[in-house]
Amino acid sequence: METAKNADVVLMFLGLPEAAESEGFDRDTLDMPAKQITLLEQVAAANKNVVVVLSNGSVVSVAPWAENAKGILESCCSASPVARRLPT
């Protein structure tokens, strides 16, 4: 957390793991994994300038954690041709 505390801006790359998405089944929830939300909350407590970059193939709810981010960038599936063109 010390690195996050001293940074001007923290970029957090969050999303759904491959095991959570498939054409063959429906998800039970729209929520992000709890461990990711907890980490985001901890980082946001150390630094208020957090930008979340989401990588997911289907909808996720940002309502439970959006207040912890100054910005949210939806990159969809990060392996997609569009996401590969995100600035680095």
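# Briefing on a predicted 88-residue model

The side chain of Asn47 comes within 2.8 Å of the backbone oxygen of Ala4, a polar contact in a model that is predicted. The protein contains two helices and three strands, which follow one another along the sequence in the pattern α-β-α-β-β. Of its 88 residues, 27% are buried, and the mean pLDDT is 83, with 76% of the residues reaching 70 or more.

**Overall features**

- Among the contacts in the protein with a separation of 6 or more, 50% are accounted for by residues 24 or more positions apart.
- The protein has an accessible surface of about 6100 Å², and carbon and sulfur atoms account for 57% of that surface.
- When the elements are ranked by mean pLDDT, strand E3, which covers residues 71–74, has the lowest value at 92, whereas H2 has the highest at 96.

**Asn47 and the loop before strand E2**

- Asn47 is located in the loop that runs between helix H2 (34–46) and strand E2 (50–55).
- Asn47 counts as buried because its relative accessible area is 7%, which falls under the 20% cut-off.
- Once residues up to four places away in sequence are set aside, Asn47 touches Ala4, Lys5, Ala7, Asp8 and Val10; Ala4 is also the residue whose backbone oxygen is reached by the Asn47 side chain.

**Val9 and the nonpolar surface patch**

- Val9 sits in the loop between helix H1 (2–6) and strand E1 (10–15), and its relative accessible area of 48% makes it partly exposed.
- Together with Leu11 and Phe13, Val9 forms a nonpolar patch on the surface, and the accessible area of these three residues together is about 340 Å².

**The loop between E1 and H2: Met32 and Pro17**

- Met32 belongs to the loop between E1 and H2, and with a relative accessible area of 6% it is buried.
- The contacts of Met32, leaving aside neighbours within four places in sequence, are with Leu14, Gly15, Ile37, Leu54, Val60, Ser61 and Trp65.
- Computed along the sequence rather than in space, Met32 and Asn56 are 24 residues apart, while their C-alpha atoms are 9.8 Å apart.
- Pro17 lies in the loop between E1 and H2 as well, but Pro17 is partly exposed, at 41% relative accessibility.
- Pro17 is separated from Gly57 by 40 residues along the chain, and the distance between the C-alpha atoms of Pro17 and Gly57 is 9.7 Å.

**Asn56 in the loop between E2 and E3**

- Asn56 is found in the loop that connects E2 to E3, and it counts as buried because its relative accessibility is 5%, a value under 20%.
- A polar atom of the Asn56 side chain lies 2.5 Å from the backbone oxygen of Ser58.
- Asn56 is also named among the contacts of two other residues discussed below, namely Glu74 and Cys76.

**Strand E3 and the segment that follows**

- Glu74 is a residue of strand E3, and its relative accessible area of 38% places it among the partly exposed residues.
- Not counting residues up to four places away in sequence, Glu74 touches Leu54 and Asn56.
- The C-alpha atoms of Glu74 and Gly15 are 9.5 Å apart, although these two residues are separated by 59 positions along the chain.
- Cys76 lies in the segment after E3 and, at 43% relative accessibility, is partly exposed.
- With neighbours within four places in sequence left aside, Cys76 is in contact with Leu54, Ser55 and Asn56.
- Between Cys76 and Ser58, which are 18 residues apart in sequence, the C-alpha to C-alpha distance is 7.6 Å.
- Leu54 appears in the contact list of Met32, in that of Glu74 and in that of Cys76.

Conventions:
Residues are numbered from 1 along each chain as its sequence is written. This is a predicted model: local features need pLDDT of at least 70, side-chain atom pairs count only at pLDDT 80 or more; totals for chains, interfaces and linings use all residues. Side-chain values use heavy atoms; hydrogens and water are left out. Patches are made of residues with over 30% relative accessible area and no salt bridge: like charges are joined within 9 Å, nonpolar side chains (Val, Leu, Ile, Met, Phe, Trp, Tyr) within 5 Å. Accessible areas come from the Shrake-Rupley method with a 1.4 Å probe; for residues, only the protein chains shown count as cover. A salt bridge is a side-chain nitrogen of Lys or Arg within 4 Å of a carboxyl oxygen of Asp or Glu. Helices (H or I, at least four residues) and strands (E, at least two) are DSSP runs, numbered from the N terminus. Buried means under 20% relative accessible area, exposed over 50%, partly exposed in between (1.4 Å probe, protein chains only). Contact means heavy atoms within 4.5 Å. A polar contact is a pair of N or O atoms within 3.5 Å; within protein, one must be able to donate a hydrogen and the other to accept it, and residues adjacent in sequence count only if both atoms are side-chain atoms. pLDDT is the predictor's confidence in each residue, from 0 to 100.
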